[in-house]
Amino acid sequence: MNKQKIAVFASGSGTNFQAIADHIKNSTLDAEIVLLVCDRPGAPVIEKARLAEVPVLALSPKTFENKAAYEAEVLSNLQDKGAEWLILAGYMRLIGPVLLDAFPTKIINLHPSLLPKYPGKDAIERAFESGDAETGITIHYVDEGMDTGPIIDQMTVAIPKTLEQLKTNIHKAEHMFFPAVLQHVLKIKTEVKQS
């Protein structure tokens, strides 16, 4: 069976990139990471990609004339690598029309709250301060809005006594749940393509 070719987009430490790479290595995620796209050239995720022998595209959007020019450069690299899916794993930037048009319904994001609650930045902190009993993670398709695309799946996480513990619990849940949901989505799409 052909493995789906995915490009992972990340801006920070890369723990979710690592979880995806580990699941691929352990054959629990039937995919191949053809490119890491990072918008912060000094981010720790770049080293994780190099260790996993994944090609890296690290570009600072500030060096481009505008968002469309930045995304056009990213798109050209994605096409060179044959990427079929864009997986946003801690990518702190809204996706614009250039990539949305090139990958309709093929861009998936991971967000650390039960959307539609707490979209955007600092979702874990906002959930913790809300007084809610639980929060969680959402995996959704990306559209032009901020965390507004169709929801694929969600997982709830109880809110403990400390923010640090909540962050730990959310990350632990993400590292297990995100690759499992990706496997499910990619498998369905592969079966549809083959039938």
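A residue counts as buried when its relative accessible area is under 20%, and as exposed when that area is over 50%. The structure described here is a predicted model.

**Helix α3**

By this cut-off, the buried residues of helix α3 are Y70, E71, V74, L75, N77 and L78. These residues cover an arc of only 165° around the axis, which means that they lie on the same side of α3. The face turned away from this buried side carries the exposed residues Q79 and D80. The buried residues of α3 pack against the strands β1 (4-10), β2, β3 (56-58) and β4 (85-88), and against the helix α4 (97-102).

The length of α3 can be checked. The helix has 15 residues, from 67 to 81, and at 1.5 Å a residue these should span 21 Å. The end C-alpha atoms of α3 are 21 Å apart, so the two values agree.

**Helix α1 and residue P179**

In helix α1, which covers residues 15-25, the buried residues are N16, F17, A19, I20, A21 and I24. After α1 comes S27, whose phi is positive, near 60°.

Is P179 buried or exposed? P179 has a relative accessible area of 1%; this is under 20%, so P179 is buried. P179 lies in helix α6, which runs over residues 163-194. Leaving aside neighbours within four places in sequence, P179 is in contact with A19, I20, H23, L29 and E174. Two of these contacts, A19 and I20, are among the buried residues of α1. The C-alpha atoms of P179 and G82 are separated by 21 Å, and the two residues are 97 residues apart along the chain.

**Pockets**

Rolling a probe the size of a water molecule over the atoms shows where empty space is left. The two pockets below are listed with their volumes and the classes of their lining residues.

| Pocket | Volume | Lining residues by class |
|---|---|---|
| Largest | about 830 Å³ | 12 nonpolar, 14 polar, nine charged |
| Second largest | about 220 Å³ | six nonpolar, one polar, five charged |

The largest pocket is lined by 35 residues, and the closest to its centre are G90, Y91, M92, L110 and P112. Helices α1, α5 (123-129) and α6 and strand β5 (107-111) each supply at least two residues of this lining.

For the second largest pocket, α1, β2 (31-38) and α2 (45-51) each supply at least two lining residues. Which element gives the largest share of this lining? The largest share, five residues, comes from α1. The lining of the second largest pocket includes A21 and I24, which are also among the buried residues of α1.

Key: Residues numbered from 1 in each chain as written. Predicted model: local features only at pLDDT ≥ 70, side-chain atom pairs only at ≥ 80, totals over all residues. Heavy atoms only, no water. Helix = DSSP H or I, 4+ residues; strand = E, 2+ residues; numbered from the N terminus. Buried < 20%, exposed > 50% of the residue type's maximum accessible area, 1.4 Å probe, protein only. Contact = heavy atoms within 4.5 Å. 1 Å grid on protein atoms, 1.4 Å probe; cavity = no way out; pocket = protein on both sides within 12 Å on 5 of 7 lines; lining within 4 Å. Points joined across faces, edges and corners; volume = space filled by probe spheres on them. Nonpolar A, V, L, I, M, F, W, Y, C, P; charged D, E, K, R; others polar. Expected span 1.5 Å × (residues − 1). Arc of directions from axis to C-beta.
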